[in-house]
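Welcome to a short tour of one protein model, from its open spaces to its rings and backbone. Please keep the sequence and the 3D view at hand as you read.

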Amino acid sequence: MMHYFHRQVQLWGEETQKSLQSKRIAIIGSGGLGSSLAFALGSSGIGEIHMVDFDEVSLHNIHRQIAFKMGDEGKYKAEVCATLIKERCPYVEANAHVCNFDEFVQKNIEVDLIIDATDNLPSRGAINMYAKSKGLPWVYGSVEAFNGQVCFFEEASFNELFKITQKTPAGIAAPIVMHIASLQANLALRYLAGLSVKKDTLYYLFFNGEGELVTQKFALPKSQI
C-alpha cells in the first residue's frame with residue numbers, strides 16, 4: 001500500500017498515511033465538483049468515501065464533470081464516481097448512494113467530514129443544519145461563470161450568512177469547477193491528515209475584466225445558534 005501512496009508518504013510519513021484509512025467522508029453531489037473530488041480524494045487513501053447523488057448523467061454534463069465520458073448518459077452519477085474511485089485505488093471503500101441528502105441522512109452513516117458538491121443553496125443549507133446538529137465540520141464550494149467560493153465551516157453557520165433561495169448557477173466554465181474542487185480537496189485532506197486548516201474563512205476567487213485571478217478572503221462570525 002505504501003508504494004501506491006509513495007509521494008504522499010514522502011510528504012507526511014507512513015503513520016499519517018495509515019491514519020487516513022480510519023477516516024470517513026461524505027461527498028454530497030457527484031456532478032461537477034463531486035466528480036472532480038472523486039478524482040482528487042478517491043486515490044488519497046481515505047478509508048471510506050460516500051458519494052451521494054440521485055441524478056443521472058446527461059450529455060450536457062460531460063464537458064465539466066470529468067468523471068463521465070460519452071456513453072455514460074443515463075447512468076447514475078454516484079455509481080459512476082464510486083466505480084471510478086474503486087478502479088483507481090483498491091485501498092478506499094467507495095459507496096454510492098442514489099438518493100438526495102435528506103434520504104442519505106436517514107441512513108445514519110457516521111462520517112468525519114462532509115464535503116458540499118451540490119449546486120443549490122437549499123441543499124447547502126440542509127448540509128449546514130445537519131452538520132451543526134452533529135457537531136461536524138463541512139467544506140463548502142460553489143462555482144458560477146469564472147468565479148468560485150470555498151470555505152471550511154466549523155463554528156460559522158452558512159444559513160446565517162447566506163440568503164437561502166432557489167437560485168442556481170448560470171453558465172459555468174469547466175476549469176473553474178476543477179479549480180474549486182481542488183481547493184476543497186486540499187482543505188479536506190489537510191484536515192483529515194491532522195494538518196492545520198484555516199476555518200470559517202470564505203475564499204472568493206474570480207477573474208477580473210483583464211483576466212487576472214483575484215482571491216479575496218472574509219473571516220466569518222461564529223454562529224449565534
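Which helix or strand gives the most to the lining of the largest pocket? α5 does, with three residues. Before going further, please note that this is a predicted model, in which local features need pLDDT of at least 70, side-chain atom pairs count only at pLDDT 80 or more, and totals for chains, interfaces and linings use all residues. Residues are numbered from 1 along each chain as its sequence is written, and side-chain values use heavy atoms, with hydrogens and water left out.

**Pockets and a cavity**

A few terms help here. On a 1 Å grid over the protein atoms alone, a pocket is an open set of points with protein on both sides within 12 Å along at least five of seven lines, a cavity is a set where a 1.4 Å probe fits but cannot get out, and lining residues have an atom within 4 Å of a point. Points are joined across faces, edges and corners, and a volume is the space filled by probe spheres set on them. Helices (H or I, at least four residues) and strands (E, at least two) are DSSP runs numbered from the N terminus. In the residue classes, Ala, Val, Leu, Ile, Met, Phe, Trp, Tyr, Cys and Pro are nonpolar, Asp, Glu, Lys and Arg are charged, and the others, Gly among them, are polar.

The largest pocket holds about 680 Å³ of space. It is lined by 33 residues, and D53, A117, T118, D119 and N120 are the closest to its centre. At least two lining residues come from each of α2 (32-42), α4 (101-105), α5 (121-134) and β5 (138-144).

The second largest pocket offers about 270 Å³. Among its 16 lining residues, Y140, S142, E144, Q149 and K167 are the closest to the centre. Here β5 gives the most, with four residues, while α5, β5 and β6 (147-153) each supply at least two.

There is also one cavity of 30 Å³ or more, and the largest cavity has a volume of about 30 Å³. Its lining consists of F104, V105, N108, I109 and Y130.

The linings divide by class as follows.

| Space | Nonpolar | Polar | Charged |
|---|---|---|---|
| Largest pocket | 13 residues | 13 residues | seven residues |
| Second largest pocket | six residues | six residues | four residues |
| Largest cavity | four residues | one residue | no residues |

**Aromatic rings**

A pair of aromatic rings is described by the distance of the centres and the angle of the planes. Rings of Phe, Tyr and Trp (its six-membered ring) pair if their centres lie within 6.5 Å, and planes under 30 degrees apart count as stacked, over 60 as edge-to-face and the rest as tilted. The structure holds 14 such pairs. F5 and Y91 form a tilted one, 5.7 Å centre to centre with 55° between the planes. This pair joins distant parts of the chain, 86 residues apart: F5 belongs to the segment before α1 (6-19), and Y91 to the loop between α3 (77-88) and β3 (93-97).

For accessibility, buried means under 20% relative accessible area, exposed over 50%, and partly exposed in between (1.4 Å probe, protein chains only). F5 is buried because its relative accessible area is 3%, whereas Y91, at 30%, is partly exposed. V92 is found in the loop between α3 and β3 and is buried, at 6%.

Elsewhere, W138, Y140, F153, F158 and F162 form one aromatic cluster.

**Cysteines, helix α7 and backbone angles**

How many disulfides does the structure hold? There are zero, a disulfide being a pair of cysteine sulfur atoms within 2.5 Å. For C81, the nearest cysteine sulfur is that of C99, 14 Å away. C81 is buried, with a relative accessible area of 0%, and C151 also counts as buried at 0%.

Helix α7 (residues 174-192) has 19 residues and should span 27 Å at 1.5 Å a residue, which agrees with its end C-alpha atoms being 27 Å apart; the expected span is 1.5 Å times one less than the number of residues. Its buried residues include I176, V177, I180 and L187. After α7 comes G194, with a positive phi near 80°.

Most residues other than glycine have a negative phi. N108, although not a glycine, has a positive phi of about 55°; N108 lies in the loop between α4 and β4 (113-116) and is exposed, at 60%. A145 also has a positive phi, near 55°, and is found in the loop between β5 and β6, where A145 counts as partly exposed at 30%.
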